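Trainee: I should like to understand how the labels given to this model are justified. Could we take them one by one?

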Amino acid sequence: MKKRIVLYKALSPDLLARLQAAAEVTTVDLARPDGMARLRDALPGAHGVLGASVRLDASLLDLAPELEVISSVSVGVDNYDIADLDRRGIVLTNTPDVLTETTADTGFALILATARRVVELANWVRDGHWRSGLGPAQFGSDVHGKTLGIVGMGRIGEALARRAAAGFGMQVIYHSQRPKPDVEARYGARRFALDELLAQADFVCLTVPLSAATEGLIGRGELALMKPEAILINISRGRVVDEQALIDALETRRIRGAGLDVFVQEPLAADSPLLRLDNVVATPHIGSATEETRQAMARCAVDNLLAALAGRRPANAVNG
Ligand code: NAP
C-alpha cells in the first residue's frame, strides 16, 4: 500500500508528479481561511509531511501517530521541538546549502538599501520631491571599506563575508561559537566576543539560527553598545532581536538604521511602529525567495522526504 503524504506548500508539477508516483498525496492550501483546519483533517494516517512556516507542535503531531518524516522547506528548524520529534521517532529534514547564496544576496541588498537609503529616496522621487539637486539631507553612508560584523559565522555568514571582503573591500569581523580558521584565512575575518563586535562594526548582520541561546541575543544592552552610525541587519529570525528595544533605538536614532527581513510576528502588522520609521527597510521574509532557489529548496525537500519514506537516511536529516 502506498504511503500517505500531506503537502502544505505548493510544488511545481514535476515535483508533485514525483511525489504522486511514490505516495498518496493530500495537498492543503494554508492561504485559505480554513487552511489550518484542513491540515488537521489531513494529518491522521500521514506518513510524511512537507511544507514550511507552520509550527508543528505536539497538538498537531498527536493527530499523526504514523508520521515518519517532516520535510521542512527551510534551513531554519526553529518551528520544531526536536527532542519531541526524537521521542516520537520522527525524522526532521531541512534544505541547507541551496539557499545560502540567495539569502546572502538578501543580506547585502539590505545593507545597501539601508546605507544608501534606496527605498526612502526612491519613494521621495516617486512622491515628486526631486525638484533640484541633492543636499546632505539625502546623503547616505558608504558601504565599501566599512566594517561588517557577522553574528553567526555559518554557511550564510561565510557567503556574506565573501561578498563583503571580495566585492566591497570591507573588513569582516565575526562572532560565532567556534573559530572559523578557513574563513579567517580566506577573507581576513577576525573573531570577536559579541560585545566587542557590536562596538566595532558599521554593519551588524545577524545570521544565527533561533534557539534558546540566541532568542533575544540583541537587546537593549547590546544595541547600546553599537556605534550611533551603525546599521543592524537581521536575516536570521525576528526573535533573535528584542523588537521593542530596536524600535526605541531607531526612534531615538541611537543607531542609524535597520534592514529587517524577519520579525517577531510574521506577517508584520501594517501598524507596526517599524513601518513608520524612515530609517528602516522592512522586507517580507524574502531571504531565499527567488524562483530558482525556491525550486531548488522544494526539490531538496522532495528528495529528503522520498529518501526517508523509502527507509534511507535523507541527506539533510536534522535529527535521528
Ligand atoms: P548555519 O550554517 O548553521 O550557521 C549558523 C551559525 O550560527 C553557525 O556557524 C553557528 O556557529 C552560529 N551560532 C549558533 N548559535 C550561536 C550562538 N549562540 N552564538 C553565536 N553563534 C551561534 O546556518 P545557515 O545556513 O547559515 O542559516 C542560519 C540561519 O539563517 C537559519 O537558521 C535561519 O534561521 C536563517 N535563515 C533565514 C532566511 C530568511 O529567509 N531570512 C533564509 C535562510 C536562513 P558555530 O558554527 O560556531 O557553532
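Mentor: Let us begin with burial: buried means under 20% relative accessible area, exposed means over 50%, and partly exposed lies in between (1.4 Å probe, protein chains only). This is a predicted model, in which local features need pLDDT of at least 70, side-chain atom pairs count only at pLDDT 80 or more, and totals for chains, interfaces and linings use all residues. Residues are numbered from 1 along each chain as its sequence is written, and side-chain values use heavy atoms, with hydrogens and water left out.

Trainee: Why does Phe 108 count as buried or exposed?

Mentor: Its relative accessibility is 5%, so Phe 108 counts as buried. Phe 168 has a relative accessible area of 27% and is therefore partly exposed.

Trainee: What makes Phe 108 and Phe 168 an aromatic pair?

Mentor: Rings of Phe, Tyr and Trp (its six-membered ring) pair if their centres lie within 6.5 Å; planes under 30 degrees apart count as stacked, over 60 as edge-to-face and the rest as tilted. Here the centres are 4.7 Å apart and the planes meet at 25°, and the pair is stacked. The structure holds one such aromatic pair. Phe 108 belongs to helix α5 (residues 100–115) and Phe 168 to helix α7 (residues 155–168), 60 residues apart.

Trainee: How do you know what helix α12 should span?

Mentor: The expected span is 1.5 Å times one less than the number of residues. Helix α12 (residues 291–309) has 19 residues and should span 27 Å; its end C-alpha atoms are 27 Å apart, so the values agree. Gly 311, with a positive phi near 85°, follows α12.

Conventions:
Helix = DSSP H or I, 4+ residues; strand = E, 2+ residues; numbered from the N terminus.
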